[in-house]
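Colleague: I'm new to reading models like this one, and I'd love a close look at a single part. Could you take one helix and its surroundings, and then walk me outwards from there?

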Amino acid sequence: MSSVSSSGAPEPGPVRASSPRRTVAMTIVAQDPSVGDAHGMLRATVPVPADRLEPGPRSHRFQVIDYDATARVLLPPATLTAEPDAFADRSDTALLSDPAFHAQNTYAIAARTLAVFESAIGRRLNWGFLGHELYLAPHAMAEANAYYDDDVRAVLFGYMPARPRRGPRAGPQSLRIARSARLDPDAVYTCLSHDVIAHETTHAVLDGLRPRFLMPGLPDQPAFHEGLADIVALLSVFSMSEVVRGLLGQADLEGRIADRTVTDQELKKNALFTLAEQVGSALKDERGSALRDSITLRPSTRWASDPRYGEPHARGEILVWIILESLAGIWRQRLADISFGGSVSLARAAEEGATAAQHLLGMCVRAIDYLPPVEFEFPDFLAALLVSDADIVPDDNHGYRDTVRGAFARWGIQAADNHIADLSQAGLTPVYRNLSYTALRSDTDEVFRFIWENLELLEIDPRFYIHVEHVRPSVRVGPDGMVVGETVAEYVQFLEGTPAGLSRAIGLRVPKAVASGTRVRVLGGGTIIFDQFGRARYHHRKDIRDTGRQQRRLSYLIRNGLAGGDSLGVSDGMPAGQRFAILHQPDADPRETW
Ligand SMILES: [Zn+2]
């Protein structure tokens, strides 16, 4: 075993139901069971948000339910009692075969992932479904798959039975998970992969923040779900600085590593930059190949028409490349600043990587609030990143924004300065007649009143149905402790009709393949950010009358069969809850899974 303790871990002590401490320490597998050294798999002791824990474990946000639908077995809930936990000193084999450890690992990483979002966004986040708890099923099925299912409010993790020594590949029954309290330590469990757990939890969190991103939309929209999920998985590993240290390599007696081990090329080859190593190796039947290795993509400005980037995961990898490339660039620069005599301190190198990764992760997460609620496209993310970061980090001393902008530009993705309208600039004077600033912070009717008074300024066409769906307060804390209080309001607009009706209403030319009686729905909407004084600051909108975008969306939906019966753009024709199952179905090409 190879064990590390992450900074910030609390002192040992018993876990009480109402512990006043903010975190408790838990043992997890740092990456997955295949990543480690001569001493065994790399594990970490990490701080997990403190909560009252019932057997499962079950907190007020998560509940681990160990039901295996393949074996039709419900394993008993795990009770986590001591701190440091009972797992800290046990052997690798003991951890791999103990379902209680699997339950803890799944819970701890899911809870830490939610905490990444809540601390960057500065408020408690709701799930995308009705209910307070997300179910986590660590051994849900004997399948090389894992997915978030909003219909059953769960993340389901599959497992791959170990290959038998001889004979044909055995079926799920070979796992023998059903009859014994011990699991097969040689099987591959997605619930032991940090990256898979963080990825799937991110789908669930993003679904709460932008529920309409699951509606039939432009291809960038499902790609954003996949790309963000990978970005969160990859960058959150960096919060375990000892893990980063362990993966950077062996230091000399003075605690230093040679510059040549942390060059651009070497950093990008590191396990830190690849996703789900063990699962990837098992699926590709090749040791050392990760599930996704986005940093090896070759940037091209012609990706939008390249069929290779049609599928959501492949398309999402563009965003992953952009953020990883930015990370490598900023990290390399920070290493150059501290290098002397051909080497750098290992501890400092890890720290610099962690700082850069945490800053980028915070930028990505905070940007979500600045996205429109519907009709997402990649330039929206770039614009949201730049505007939201400039608000909280006015002086960009390390050049994060320029680096990110440059990485987007390598793919030809740009956002005009006015992509997000700045409502505070000279010449614009929103009307606040009879408005209550207090009510603006929480009341959808009050925000609608603001929109109604300012239709021309906001360029919203009142002929189409307008609905303010959410008004949410946020308190953002920047890396240097700067606090910005804001209110985020989202509204949507709908228009539904036959192809002829839409042509009359907004001049939309519905593709010829659509039958004349088909019910076609088009969407628009926007996000308005109010500052702490109740003044409208930004408006990020997707105009419902943008016929170019509407035509692109409808063509994409038709081409990909994302239509339901006699309607188009209303539903994707998939059974509720199965969207990610289908997105994450294993294919011949392992890049197309998860
Ligand atoms: Zn996914």
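Modeller: Here is a walk that starts at one helix and then moves on to other parts of the chain. Keep in mind that this is a predicted model.

Let's begin with helix α15, which covers residues 499-506. Which of its residues are buried? They are Pro499, Gly501, Leu502 and Ile506. Now look straight down the axis of α15: the buried residues fall within an arc of 155°, so they line one face of the helix. And what does that buried set pack against? Its partners are β16 (483-497), β17 (519-530) and α16 (547-559). Just after α15 comes glycine 507, and its phi is positive, near 70°.

One of those partners, β16, takes us to a cavity. β16 and β18 (536-542) each give at least two residues to the lining of the largest cavity. How many cavities of 30 Å³ or more does the structure hold? There is one. The space inside the largest cavity comes to about 50 Å³. Try clicking through its lining: you'll find Glu459, Ile460, Asp461, Tyr491, Gln493, Gly525, Arg541, Lys542, Asp543, Ile544 and Arg545. Sorted by class, that lining has six charged, three nonpolar and two polar residues. If you wonder how anyone finds such a space, rolling a probe the size of a water molecule over the atoms shows where empty space is left.

Next, jump back along the chain to a strand. β8 takes in residues 134-141, and seven of its eight residues are buried, so "mostly covered" is a fair description, given that buried means under 20% relative accessible area. β8 pairs with strand β5 (residues 62-64) in the parallel sense, over three bridges. Within that pairing, phenylalanine 62 sits opposite leucine 134 of β8. β8 is also joined to strand β10 (residues 154-160), again running parallel, by four bridges. There, alanine 137 has leucine 156 of β10 as its bridge partner. A handy thing to remember while you rotate the view: in a regular strand the side chains alternate between the two faces of the sheet.

Now for three single residues in helices. Take isoleucine 323 in helix α8 (residues 312-338). Is it buried or exposed? Isoleucine 323 is buried, with a relative accessible area of 1%. Setting aside neighbours within four places in sequence, isoleucine 323 is in contact with Ile231, Leu235, Leu360 and Cys364. The C-alpha atoms of isoleucine 323 and phenylalanine 408 are separated by 8.8 Å, although the two are 85 residues apart along the chain.

Histidine 359 belongs to helix α9 (residues 346-368). Histidine 359 is buried too, at a relative accessible area of 10%. Which residues does histidine 359 touch, not counting those up to four places away in sequence? They are Asp389, Val393, Tyr400 and Pro479.

Finish with glycine 246, found in helix α5 (residues 241-248). Glycine 246 is partly exposed, its relative accessible area being 45%. Its C-alpha atom and that of leucine 346 are separated by 9.3 Å, while the two residues are 100 places apart along the chain.

Definitions and conventions:
Residues are numbered from 1 along each chain as its sequence is written. This is a predicted model: local features need pLDDT of at least 70, side-chain atom pairs count only at pLDDT 80 or more; totals for chains, interfaces and linings use all residues. Side-chain values use heavy atoms; hydrogens and water are left out. Buried means under 20% relative accessible area, exposed over 50%, partly exposed in between (1.4 Å probe, protein chains only). The arc is that of the directions from the helix axis to the C-beta atoms. Contact means heavy atoms within 4.5 Å. On a 1 Å grid over the protein atoms alone, a cavity is a set of points where a 1.4 Å probe fits but cannot get out, and a pocket is an open set with protein on both sides within 12 Å along at least five of seven lines; lining residues have an atom within 4 Å of a point. Grid points are joined across faces, edges and corners, and a volume is the space filled by probe spheres set on the points. Ala, Val, Leu, Ile, Met, Phe, Trp, Tyr, Cys and Pro count as nonpolar, Asp, Glu, Lys and Arg as charged, and the others, Gly among them, as polar. Two strands pair if DSSP finds at least two bridges between them.
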